[in-house]
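Subject: The structure I promised you

Hi,

Here is the structure we talked about. Have a look at it first, then read on for what turned up.

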Amino acid sequence: MNMKFRKMLSLLCVMVLLFTTTVACSSKNNSTSNGTNGTKAEQQGAANNTNNRTDAAAEDEQLTPESGAKLIVWDGNDGTPFLKEIVKEFSEKYNIPVEVQEQGAPEQMQKMKTDGPAGLAADVLVLPHDNLSEAIAGGFVLPNDFFEEETRAEFQETAVNAVTKDGILYGYPRNMETYALFYNKELVTENDLSSWDNIISFSKKYNDPAKKKYGFMMPLNIFYFAYPFISGFNGYIFGNDNTNPEDIGLNNEGSVEGMKYFQSMREILPMEAADATIDVKTGLFQEGKLAINLDGVWNIGNFSNLSFEVGMVPLPEFPNGQQPDTFAGVKAYYVSAYSKYPNAAKLFARYVTSQEALLKNFEMTGFIPARKGMENEPAIKDNAMVSGAIKQFEHSIAMPSIFEMQQVWAPMANALELIWKGEDVKKTLDSAVESMKQGIETLKK
């Protein structure tokens, strides 16, 4: 009797072990091969199961692409040349055909609403991070779950934060964008750029408005570029690291002080805000009439082939001793929630953000990689403008991506024009913030 009981107990244990193993395997397969199934918590749990993977080749092999997988990738015209090259390598390695289609970010967002449910949308998207909230709300993108640990460890913190929403990582960061000071090395020394006082002093000597010669220029009515005059004086947009729209800080004491300093810059830039357009400013810089140009890193390529040598340095400290933060934009790959082949799409997004792929992308397009440590690559290290941009990244924050940020741009553009004209700074900012609050209220209805 005892022997029979022991045999039955042994058999029962084997059956329980077999059932547990089957369930565990099934759970893992569901989390990686069908990205549209499971709650966010389940997807996050699946990501945590990958924490022991360290070798890049091994981790790729553990994510098996679906049988018969084929992918469509969308990107704008600036990113498609690289993609058309890299897909050849990817297809050869994984035997997965990839079609690259040119679609700008606004078009991608619109087409996802119609083509996604119809099964016609791309499997992989390329979007700026400020589209993420809308993409998540629309159910367009899947979490970056399988490669979460690697992504968080290998990419710049600013980039990772930008493609994360409510603690869930979605994007596979590609490149970062911000702005800093381009300067004509034939006209300006680095000492002239070491402080805002020095920039003002240089500009007073160099300016000749009658001949359209200016020491310093920036877009004057675009808040994206004016933000350092807020951050450099302890102002802020939204509370709790730009996640709390109930707390708007654009008319607090620091913001008012910063905008007063911005207003004082008219002394060296005597023109209407509406006249300091990006096209006018770029043209003057290329002609050698503008010495110091606050502009975006996307112009590094344009400014690399001028008749004079161009440098790039981070924005200096303000007279209060504070280093201002600029806005950073992050473009990333995202896996479509409508993809029939989410495993293959995740492999592709990981492949095109490897160090080798991002270096190739930089060499082809000038996109500055969001990966850590790439500033030591010779092609990047030897480019003085890129090195300057990377230093500015150390003092940048991801542009707020919550829906409510859309209610900030227009009121601040109007406020900047009025402040530049000489209107009372505090009253102007109070009015702008009130307009933002009204706009945010309409979003709740």
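Which residues line the largest cavity? Keep in mind as you look that this is a predicted model. The lining is made up of Gln 156, Met 176, Ile 368, Pro 369, Arg 371, Met 374, Glu 375, Ile 390 and Phe 393. Sorted by class, that gives six nonpolar residues, one polar and two charged. The space inside the largest cavity is about 60 Å³.

The count of cavities of 30 Å³ or more comes to two, so there's one more to find on your screen. The second largest cavity has a volume of about 30 Å³. Around it you'll find Phe 216, Met 218, Leu 220, Phe 229, Met 265, Leu 269 and Trp 420. This lining has seven nonpolar residues, with no polar and no charged ones.

Now for the pocket. How much space lies in the largest pocket? About 650 Å³. Its lining has 26 residues, and those nearest the centre are Asn 240, Asp 241, Asn 242, Thr 243 and Ala 398. Helix H8 (157–162), strand S4 (164–165), helix H12 (239–242) and strand S13 (396–398) are the elements that each give two or more residues to this lining. By class, the pocket lining splits into 10 nonpolar, 11 polar and five charged residues. Try colouring the model by domain here: domain 1 (71–177 + 329–398) and domain 2 (179–328 + 400–444) each supply at least three residues to the lining of the largest pocket.

There's also a sheet to look at. Four strands make up this open sheet, in the order S8-S10-S7-S11, with mixed pairing. At the edges sit strand S8 (214–217) and strand S11 (310–313), each pairing on one side only. From one strand to the next, the twist averages 25 degrees.

To see one pairing in detail, pick strand S7 (residues 179–184) and S11: they pair in the antiparallel sense over four bridges. Leu 181 stands opposite Val 313 in S11.

Two helices lie across strands of this sheet. Helix H9 (residues 196–206) lies across S7, S8 and strand S10 (290–296), and runs at about 140 degrees to S8. Helix H18 (residues 384–393) lies across S7 and S11, at about 15 degrees to S11.

Have fun clicking around!

Cheers

Key:
Residues are numbered from 1 along each chain as its sequence is written. This is a predicted model: local features need pLDDT of at least 70, side-chain atom pairs count only at pLDDT 80 or more; totals for chains, interfaces and linings use all residues. Side-chain values use heavy atoms; hydrogens and water are left out. On a 1 Å grid over the protein atoms alone, a cavity is a set of points where a 1.4 Å probe fits but cannot get out, and a pocket is an open set with protein on both sides within 12 Å along at least five of seven lines; lining residues have an atom within 4 Å of a point. Grid points are joined across faces, edges and corners, and a volume is the space filled by probe spheres set on the points. Ala, Val, Leu, Ile, Met, Phe, Trp, Tyr, Cys and Pro count as nonpolar, Asp, Glu, Lys and Arg as charged, and the others, Gly among them, as polar. Domain bounds come from an automatic or database domain assignment. Two strands pair if DSSP finds at least two bridges between them. Axes are lines fitted to C-alpha atoms, for helices over the stretch in contact, and angles run from 0 to 180 degrees between N-to-C directions. Contact means heavy atoms within 4.5 Å.
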